[in-house]
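Here is a walk through one structure, written for someone meeting it for the first time. Keep the 3D view open beside the text as you read.

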Amino acid sequence: MTDQAADTTTNNVVVSNFIRSRMDEDCANKTYSDTIATRFPPEPNGFLHFGHAKSIFLNFGLAQDYAAQCPKSHCNLRFDDTNPTKEETEYVDAIREDVAWLGFDTQGQALYASDYFERLYHCAEQLIQTGLAYVDSQDSESLRAKRGTLTEAGTNSPYRDRSIEENLDLFRRMRAGEFPDGAHILRAKIDMASPNMNMRDPAIYRIRHAHHHRTGDAWCIYPMYDFAHCVSDAIEGISHSLCTLEFADHRPLYEWFLGQLAELGEFKRPLPQQIEFSRLNLTYVVLSKRKLIQLVTGGHVDGWDDPRLPTLKGARRRGFTLQGFKLFADRIGISKSDSLIDYQVLEDCMREDLNERAERRVAVLDPIKLILSNFPENHAEPCLAPNHPHHPDLGKREIQLTRELWIEREDFMIEPSKGFFRLTPGKEVRLRYGYIVKCTGFDVNDNGQITCVYAEYDPTTKSGTPGSEARKVKGNIHWLSCAHSVPAEIRLYDRLFNSPNPGGRQAGDAPEQTRDFLDDLNPNAKHIQIGRVEPALAQCQRESCYQFERNGYFVADQFDHSTSKPVFNRTVTLRDTWSKN
RNA sequence: UGGGCCGUCGCCAAGUUGGUUAAGGCACUGGGUUUUGAUCCCAGCAUACCUAGGUUCGAAUCCUAGCGGCCCAGCCA
């Protein structure tokens, strides 16, 4: 790949959105002095996926952009690790790699909500001491029963009016490990009749005798998201806490906690503000953590970095590029409306980036032999092929033409269908960068399969020689010399699901029929075959991207490619307006 | 008659302190270039902003009433 064109994806005009509008205002008013501070707060309990990429570009991108006006702007990578039963270090490492891969250098700085456990605990005691939090000793069933429903108010807990002293004592003993899991929880005392379920005395702390990936066994009580997140934001001086729409109902609680703690002198105003935007929805893809896990553990894919998966690890292996993702993020924009982006948009972004940056090479994916019967044996004719049609400065390379060649099986048809203008008996076609050849015959085996095609070349028509352009032929096919090419494993990937809405309703479904998203799995999403490639391709570095002319964009596999066993994954095909009809 | 959010071209998405012919991108269509049926270039593409009323000289932008969609009842995030 070249990097001279790497900036072509960054010349996009910045489109305004409601978050930028807010930030513009806050910048102009110096609300947060000279800072726009955001954060990307993944929970380390799974791998990052395409949806996270949108959030990463949003949060890190905004901080980067606003640094021009507000020089102290920055974005923190913070692990939201408040639930020890679900989180693991391996995810932390994987997430850090993914963030770095998307181009955001956190200078080795990763922050953790767990670093704030002591401060969080202190804040909780402050709330207790002000009568704003209490220890509830009901079991989870009665807690649920008393919460009310969406249309009915909840009822107060019998423990709601415990004295401050008792609450403090109980909470301290919770921390000391005197109680088993579930014996008590600490709740905020707000309003059991609130129409917003989140305000009905939400839990702040729960007892979990579990080993935490960073704090070990130091704690047996852990803060809940609603409490930990806003306090972490305040501690870090986050100005704009961006999250997805489903957290909009939590905003009053976010503001309640921070407002109360500010009153208590724990935090200074201005406080961070939560702003919600709509999450990414993509056709032909599942992005829910639960479903992704099911695909991996159920053996439907080959692991978290399977190129068919919408994980960042999978995308990287597939050959998707960070520039392509950036293009995608810019293209889909940010708003609050529920959107469903066509998967093709993502593919197009990858094509657009790769078209500009990937050098061209020749590969024959599904080879059949072509013999030029009038071509001298034991002769190799060097043909010049440009490495990139738009960048002559990238030079040309030689491809050897010989009597026996490999061509693409689909470039030959005995009985041409309408509109087919590649090789067909009696017709001419140009061997790209070589000569015009005329098909003279073919062999078929007992199964009716074509085994060999014969043609005669016209020595006066070599590409690049004077007069070679005199004769125009419409067909132009790629080829590789049998003697001057090497075998390579070619992994052809396609969409993982057949349905734009995996597991969703489809036309013809009975009214009550429910479908499993696994039923929509595309069994042909992965196809491995042995093709032929230019010899030099075996020497390329892993993760090198190329356009295999007329075939698509391919990447040398991140793990399996080697000089002795070249392996290329198809990132995405070229646009094809012909097969589309 | 629980609460919150959303509804602008096939898909996204500006515009929403009311003011000429409703940005832009993608897709699509037509034309040109082309030794990738690729790329690239040019042109076209919402009398219309969920619907119905209303206010106004003037509304996608304000008001009223509807309709449709998403989210919330974890000691998950």
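By class, the surface near RNA strand B has 21 nonpolar, 21 polar and 24 charged residues. Here Ala, Val, Leu, Ile, Met, Phe, Trp, Tyr, Cys and Pro count as nonpolar, Asp, Glu, Lys and Arg as charged, and the others, Gly among them, as polar. A quick word on the ground rules: this is a predicted model, where local features need pLDDT of at least 70, side-chain atom pairs count only at pLDDT 80 or more, and totals for chains, interfaces and linings use all residues. Residues are numbered from 1 along each chain as its sequence is written, chains are lettered from A and ligands numbered from 1 in the order in which they are written, and side-chain values use heavy atoms, with hydrogens and water left out.

**Around the RNA**

In total, 66 residues surround RNA strand B, and the closest are Ser335, Arg360, Phe421, Arg422 and Ser463. To be near the strand, a residue needs one of its heavy atoms within 4 Å of it. Looking from the RNA side, sugar and phosphate make up 66% of the strand B atoms that come within 4 Å of the protein.

Some polar contacts can be picked out one by one (a polar contact is a pair of N or O atoms within 3.5 Å; within protein, one must be able to donate a hydrogen and the other to accept it, and residues adjacent in sequence count only if both atoms are side-chain atoms). Threonine 82 puts a polar side-chain atom 2.8 Å from a phosphate oxygen of RNA strand B. Leucine 340 uses a backbone N or O atom instead, 2.7 Å from a phosphate oxygen of the strand. With tryptophan 578, a polar side-chain atom sits 3.2 Å from a base nitrogen of RNA strand B.

Which elements give two or more residues to this surface near RNA strand B? They are helix 5 (140-146), strand 6 (203-207), helix 11 (322-332) and helix 12 (343-357). Helix 5 gives the most, with three residues. Helices (H or I, at least four residues) and strands (E, at least two) are DSSP runs, numbered from the N terminus.

**Pockets and a cavity**

Now for the empty space. Rolling a probe the size of a water molecule over the atoms shows where empty space is left. On a 1 Å grid over the protein atoms alone, a cavity is a set of points where a 1.4 Å probe fits but cannot get out, while a pocket is an open set with protein on both sides within 12 Å along at least five of seven lines; lining residues have an atom within 4 Å of a point. Grid points are joined across faces, edges and corners, and a volume is the space filled by probe spheres set on the points.

| Space | Volume | Nearest its centre |
|---|---|---|
| Largest pocket | about 1,100 Å³ | His52, Thr244, Glu246, Arg279 and Lys289 |
| Second largest pocket | about 670 Å³ | Glu410, Arg422, Arg550, Asn551 and Asp576 |
| Largest cavity | about 130 Å³ | Val285, Arg308, Leu309, Pro310 and Tyr343 |

The largest pocket is lined by 42 residues, and helix 2 supplies the largest share, four residues. Its lining divides into 17 nonpolar, 14 polar and eleven charged residues.

The second largest pocket has 26 lining residues, made up of seven nonpolar, eight polar and eleven charged. Arg550, listed for that pocket, has a phi near 65°, a positive value in a residue other than glycine. Arginine 550 sits in the loop between strand 23 (545-548) and strand 24.

As for the cavity, 17 residues line it, with twelve nonpolar, one polar and four charged among them. Helix 10 gives the most to that lining, with three residues.

**Inside the protein**

The largest nonpolar core (buried Ala, Val, Leu, Ile, Met, Phe, Trp, Tyr and Cys residues joined through side-chain atoms within 4.5 Å) has 42 residues. Those with the most contacts inside the core include Phe50, Val99 and Leu102. Helix 2 gives the largest share of this core, six residues.

Helix 2 also holds asparagine 59. Is asparagine 59 buried or exposed? It is buried, because its relative accessible area is 0%, and buried means under 20%, exposed over 50% and partly exposed in between (1.4 Å probe, protein chains only). A polar atom of the asparagine 59 side chain lies 3.5 Å from the backbone oxygen of arginine 39.

**A backbone oddity**

Finally, a cis peptide bond joins arginine 269 and proline 270, with omega about 5°. Proline 270 lies in the loop between helix 8 (251-263) and strand 9 (273-277).
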